[in-house]
Amino acid sequence: MSNRGVRNLFIFGSLFFFVIFIGLTVDTMKKLDKRAPEITEEVDQGKKLWHKYDCIGCHTILGNGSYFAPDLTKITVNKPEGYLEKFLVNPRKVKPSAAMPVLGISPEEAKKIIAFLKWISKVDTNGWPPKPVLATYRMPRSPGVTVFQKYGCTACHMINGVGGTSGPDLTHVASRKPDRQWHIKHIRDPQSVVPDSAMPGFPQMSEQELNQLVDYLLTLK
Amino acid sequence: MKYKSQKIAEYFYTFAVLLFLVQVVVGIIAALQFIWPDFFPLKFNIIRDLHINALVVWLLMGLMGATYFVVPEEAQSELWSLPLAYFQFWATVVTVTLVVLGYIWMGFNPHANKFVFGTLLLNEGREYIEAPRWADILIVVSVLLFLLNNFMTMYKSKRWTGIQGTLLGGLTFLALMYLPGMFYTKSMVKDQFWWWWVVHLWVEGAWEVIAGALLAFMLLKVTNAPRHVLERWMYIEVALVLFTGILGTGHHYYWIGTPKYWLWIGGIFSSLEPVPLLVMVWDAFRTTRVHRVVTNRLGLFYAVAHAVFNFVGAGLWGVIHTVPMANKWTHGTQITTAHGHLAFYGAYVLLVISMIYITLPLIRERTDFRTSRGYTSFWVMTISMIFIVLSLTGAGMVQTYMERLVGLDYVTVKANYNLVFWIVRAISGVGFLVGVLIFVVDYFKLGHEPAEVGAKSNVSVTTHAA
């Protein structure tokens, strides 16, 4: 093929692929709104704050961003809202080892950012992030463990290296807090025993579940 | 240097080289913040903004400088307007400086980043295109002046070559693809959709077209290969770049809330993206073997290294996690960081440096110059970069396994299991800085020292064919 022929192949071939790309873009734009919840005024304000504080400078969202701090696509599913609110305002007050600085986010701004993150968590992402397939950590089978898992305690608390880091590690919690009554009060209403706690209370937990959970916690010495 | 106005290229190169140094210094600060988050008064987000913005700007400056050299050379005439080129240079320097000062100000006072007329004053909070809207507009004006100047030079000379046509085409595509990043969307999904138009269609579209044109120009300058052969291969390369790269954008549309058909489109086309990069490697080696009259061995060495590492970094390190089945697990992990580092280094850092080593001796009118420092800096930078990339790849593999497969917490994996990788990465970063410092010294000294003679001479004429 002559140079002119190859050149024309380059120009018209590229235009051809670009036209297809634009067609797919138009189609995608039509479908996007149906794959996500409605955007309220609060969600939009939250998104603007997301940009203002340059959150993407450390975090990823939908897997894109800076890889320095956790991905926030499903953060509102995994962490209690009250915790997130306090964390955003002053991270190290609720988690002393946090790397995040105090950015000067007000409690009202925190609520808006959380509204935005809640919206993101409901976007249809074709199944991303995937559920961990090897998460078959062998916890002792007991009614207390079932309660522990049912109420999502692992999202924030770690036992034997497995679980979140937002709350204290519970591997040896019974050595630190051997008092049964303390645990019962703490789970029902954390602020009644730890005034600054960012943990949500669990008044909805049944009496039986509460007792089973505390039985389990007291084995962790 | 045949045309006086080509001197403007050196201004762009100097600014590029200094920003390269800034990029690597802040990169080391960022690497240390992975180990000690409070290591520096400015927090990680600002340091990273500086790291990636310095990268984009210095590469653009280098490509602009290279273009200001190539276009008069190809058009065989002086630039259309040298004063305009000087104005464009200084206006860009002032804009970039203001943006950097804005980031630093925001680092000390996050509330200074206010909404003014509906846009953020100091930082848009969008990765790579953090520059605020007022700066976007100034950048667009600067690029338009740059394109006008080069287009008018070609237009007035009436001498159209394939190389400069492709170069100008790539640059125009680059300018157009900046625009989808310049409007606000309420939906984060649409935000990221258009954002990828800018980011992907730059680095895996327009910039690779520019790289193809510059590779052809470099091979033309330093070997005795005939133009029509080089240009034919250039067309094949850039055609394949866009045939695969445009729809390859789909590999960013797997998990951001876009329809499922992108898994197919992105998976198929982005798997083919390494093909043109492989053709470039083959082209560079073939030309070097067949045409043995080499007027600038160091320049050719860098050009071939660019082709090789473009393929390894952008091609191989990209394709390993580009199919949806793999990407589902690796998306958003340090695997991407590893790919990003080697791709930018191979595809664009080595490209700009090879353009500097091929054109700067001509600008300073010293074709036979001392080259030992150039080779040393290459090896120090490249070996350090390989260690950076391997440590990040290791970190990414551990992260994928521990966090994505086993379900451990992000922070646990980062702080415990990956700590050793952060340490290796930071040490390698210091190694890379040493390589960059050698290069910077060489840049300023090039042509001002006596050259090596004999076998080490930069000019080699081998009569026998390989």
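Which residues of chain B form a nonpolar patch on the surface? I will begin there, noting that what we are looking at is a predicted model. The patch consists of Val94(B), Leu98(B), Leu101(B), Trp105(B), Val116(B), Phe117(B), Leu121(B), Trp134(B) and Leu138(B), and together these residues have about 900 Å² of accessible area. Two elements of chain B, helix H3 (82–108) and helix H4 (133–157), give two or more residues each to the nonpolar patch. H3(B) gives the most, with 4 residues. Leu121(B), also part of the patch, is located in the loop between strand E2 (119–120) and H4 of chain B.

Let me stay with chain B and turn to helix packing. Helix H6 (residues 188–222) and helix H9 (residues 274–290) of chain B have axes that come within 11 Å and cross at roughly 5 degrees. An angle under 35 degrees counts as roughly parallel, and H6(B) and H9(B) are therefore roughly parallel to each other. On the H6(B) side, the contact is made by Glu208(B), Gly212(B), Leu215(B) and Leu219(B); on the H9(B) side, by Leu277(B), Met280(B), Asp283(B), Ala284(B) and Thr287(B). By character, the residues of this contact between H6(B) and H9(B) are 5 nonpolar, 2 polar and 2 charged.

Chain A offers a second helix pair. Here helix H2 (residues 41–52) and helix H6 (residues 107–121) of chain A pack at an angle of about 105 degrees, their axes lying 7 Å apart. That angle makes H2(A) roughly perpendicular to H6(A). Among the residues that H2(A) brings to the contact are Val43(A), Leu49(A) and Trp50(A), while those of H6(A) include Ile113(A), Phe116(A) and Trp119(A). The residues of the contact of H2(A) with H6(A) comprise 8 nonpolar, 2 polar and 6 charged.

I move now to charge pairing. Side chains of opposite charge can pair when their charged atoms come close. Over all chains, a search of the whole structure finds 27 salt bridges. One of them joins the side chains of Glu207(A) and Arg188(A), at 3.4 Å from N to O. Glu207(A) belongs to helix H10 (residues 207–217) and Arg188(A) to helix H9 (residues 180–188) of chain A, so this pair ties together parts that are 19 residues apart in sequence.

Finally, two points of backbone geometry in chain A. Most residues other than glycine have a negative phi, and most peptide bonds are trans. Trp128(A) and Pro129(A), however, are joined by a cis peptide bond, with omega about -5 degrees. Pro129(A) sits in the loop between H6 and helix H7 (143–150) of chain A. Leu62(A), although not a glycine, has a positive phi of about 55 degrees. This leucine, Leu62(A), is found in the loop between strand E1 (60–61) and strand E2 (64–65) of chain A.

Note on methods
Residues numbered from 1 in each chain as written. Chains lettered and ligands numbered in written order. Predicted model: local features only at pLDDT ≥ 70, side-chain atom pairs only at ≥ 80, totals over all residues. Heavy atoms only, no water. Axes fitted to C-alpha atoms, helices over the stretch in contact; angles between N-to-C directions. Parallel < 35°, antiparallel > 145°, perpendicular 65-115°, else oblique. Contact = heavy atoms within 4.5 Å. Nonpolar A, V, L, I, M, F, W, Y, C, P; charged D, E, K, R; others polar. Patch = residues over 30% accessible without salt bridge, like charges linked within 9 Å, V, L, I, M, F, W, Y side chains within 5 Å. Areas by Shrake-Rupley, 256 points an atom, 1.4 Å probe, with all protein chains shown as cover. Salt bridge = Lys/Arg side-chain N within 4 Å of Asp/Glu carboxyl O.
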